[in-house]
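Subject: Structure for your review

Dear colleague,

Please find below the structure that I am handing over to you. My findings follow it, and I would be grateful if you could read them alongside the coordinates.

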Amino acid sequence: MPNEKRRWRRWWQTDSFEGKLRRRGALALLVLVLVLVLVLVLVFVFFHGARRETHGQPWLEFSGENALAHVRALVDLGPRPPDSAAIKKARAYLRKNLEKFGWQVEEQAFTDETPRGKVAFVNLIAHWPNEPRNGQRFLLCSHYDTKTFDSITFVGANDGGSSTGALLEMARVIGLHPDLAARVDLVFFDGEEAYENFTATDGLYGSRYFADQIRQSKTQKRYRGGILWDMMGDRDLTITLSTDSPEQLTRDIFTAADALNARNHFTYFNNDILDDQTPLNKIGIPTIDLIDFDYPPWHTAEDTMDKLSAESLQTVGAVTAYYLAEMAFR
Ligand SMILES: [Zn+2]
């Protein structure tokens, strides 16, 4: 046995009073260190786990009831066609709430020729403060105008109302996750509805202008994709994914719906759908339209609050939140 070890053993085994004291001290120190390590490990596991719990599952935080309350507030303003007093109030309501949830609101104002002459439109774009200049972002969109009718009172509970109220609730939910919020822009389009029929120059005024600004500044690459919501509040919810939906997004939405046991609310539509996603897809930002096109009261005076349910808003909100948190930035 080498000298060193022998000396150590002698020190350890010595029966002197001093030796016993030294041994007890050494043991106490060892136990203290072990307890400290254990506490540190527990603290790390707890906080790490807790962070995953509250920061990682925004789909559990989306409230269909909150969304429905926003829809009701908008519908209570009456018909909200472009350039009306009511749509200005709707804009103020959106801005007030978006700012409350921590977003900065940009007004994208423009005028365009319509079958009724020149009309002033305003898109609202919500950015998270200090969002990174580089790094791709994702767009969440809804139109907040209602179709202009002369003969009926059209309040657009589902068409214009449902997706806008839900997008406000989504703003609250994403705002609870600043790292996610910094990678998302929320866009509220004006002038989605055509005055007569959808043509190259009638309808989609807001999204055409928004896409055109991006195209002109050549900033398409900033956006990796988008989800458009439209008519998502019908009690009898079936989201009909149109044939012109981007493939990967379609697959991912089905996967997200599967994960939340909501697959039965999503199906394929047998045709293209012309909506605010069209101008975005045209400039190279793959965007999917989550719309329930099977809605009998569509563009009638019967598109009212009683046709909607909080559950439907919740379903689409949760599936979208799941996609955003788990799949959009893979
Ligand atoms: Zn419509």
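I begin with helix α3, which covers residues 64-75. At 1.5 Å a residue, its 12 residues should span 16 Å, and the end C-alpha atoms are indeed 16 Å apart, so the expected and computed lengths agree. Please bear in mind throughout that this is a predicted model. The residues of α3 that are buried are Gly64, Asn66, Ala67, Leu68, His70, Val71, Leu74 and Val75. The elements covering them include α4 (85-100), α5 (157-175) and α10 (310-326).

On the overall division of the chain, the domain assignment gives domain 1 as 3-50 and domain 2 as 61-326. Between the C-alpha centres of domain 1 and domain 2 there is a separation of 63 Å.

Turning to the sheet, six strands make up an open arrangement with mixed pairing, in the order β1-β2-β4-β3-β5-β8. At the edges are β1 (104-114) and β8 (287-291), each of which pairs on one side only. From one strand to the next, the twist averages 20°.

Strand β4 (residues 184-189) deserves particular attention. Is it enclosed by the rest of the structure or open to the outside? Six of its six residues are buried, so β4 is largely enclosed by the rest of the structure. Val184, Leu186 and Phe188 point one way from the strand, while Asp185, Val187 and Phe189 point the other way, and all of them are buried.

The pairing of β4 is as follows. With strand β2 (residues 117-127), β4 runs antiparallel, and three bridges join the two; Leu124 has Phe188 of β4 as its bridge partner. With strand β3 (residues 137-143), β4 pairs in the parallel sense over six bridges, and here Leu140 stands opposite Leu186. Strand β3 is also joined to β5 (residues 223-230), with which it runs parallel, through five bridges. In that pairing, Leu139 has Gly226 of β5 as its partner.

Two helices that pack on the sheet should be mentioned. Helix α7 (residues 205-216) touches β1, β2, β3 and β4, and its direction makes about 65° with that of β2. Helix α4 lies across β1, β2 and β4, and runs at about 10° to β2.

As to the interior, the largest nonpolar core contains 72 residues, and Leu167, Met170, Ala171 and Leu290 have the most contacts inside it. Which residues does Met170 contact once its neighbours within four places in sequence are left aside? They are Phe62, Leu140, Gly317 and Ala321. Leu140 is thus a contact of Met170 as well as the residue opposite Leu186 in the sheet.

Finally, I would draw your attention to Thr148, which is found in the loop between β3 and α5. It has 21 C-beta neighbours inside 10 Å; because the threshold for a buried residue is 20 or more, Thr148 counts as buried. Not counting residues up to four places away in sequence, Thr148 touches Pro81, Glu193 and Tyr195. Thr148 and Pro81 are 67 residues apart along the chain, yet their C-alpha atoms are separated by 5.4 Å.

With kind regards

Terms used
Residues are numbered from 1 along each chain as its sequence is written. This is a predicted model: local features need pLDDT of at least 70, side-chain atom pairs count only at pLDDT 80 or more; totals for chains, interfaces and linings use all residues. A nonpolar core is a set of buried Ala, Val, Leu, Ile, Met, Phe, Trp, Tyr and Cys residues joined through C-beta atoms within 7 Å. A residue is buried if 20 or more other C-beta atoms lie within 10 Å of its own, exposed if 12 or fewer, and partly exposed in between; C-beta atoms are placed from the backbone. Two residues are in contact if their C-beta atoms, placed from the backbone, lie within 7 Å. Helices (H or I, at least four residues) and strands (E, at least two) are DSSP runs, numbered from the N terminus. Two strands pair if DSSP finds at least two bridges between them. Domain bounds come from an automatic or database domain assignment. The expected span of a helix is 1.5 Å times one less than its number of residues. Axes are lines fitted to C-alpha atoms, for helices over the stretch in contact, and angles run from 0 to 180 degrees between N-to-C directions.
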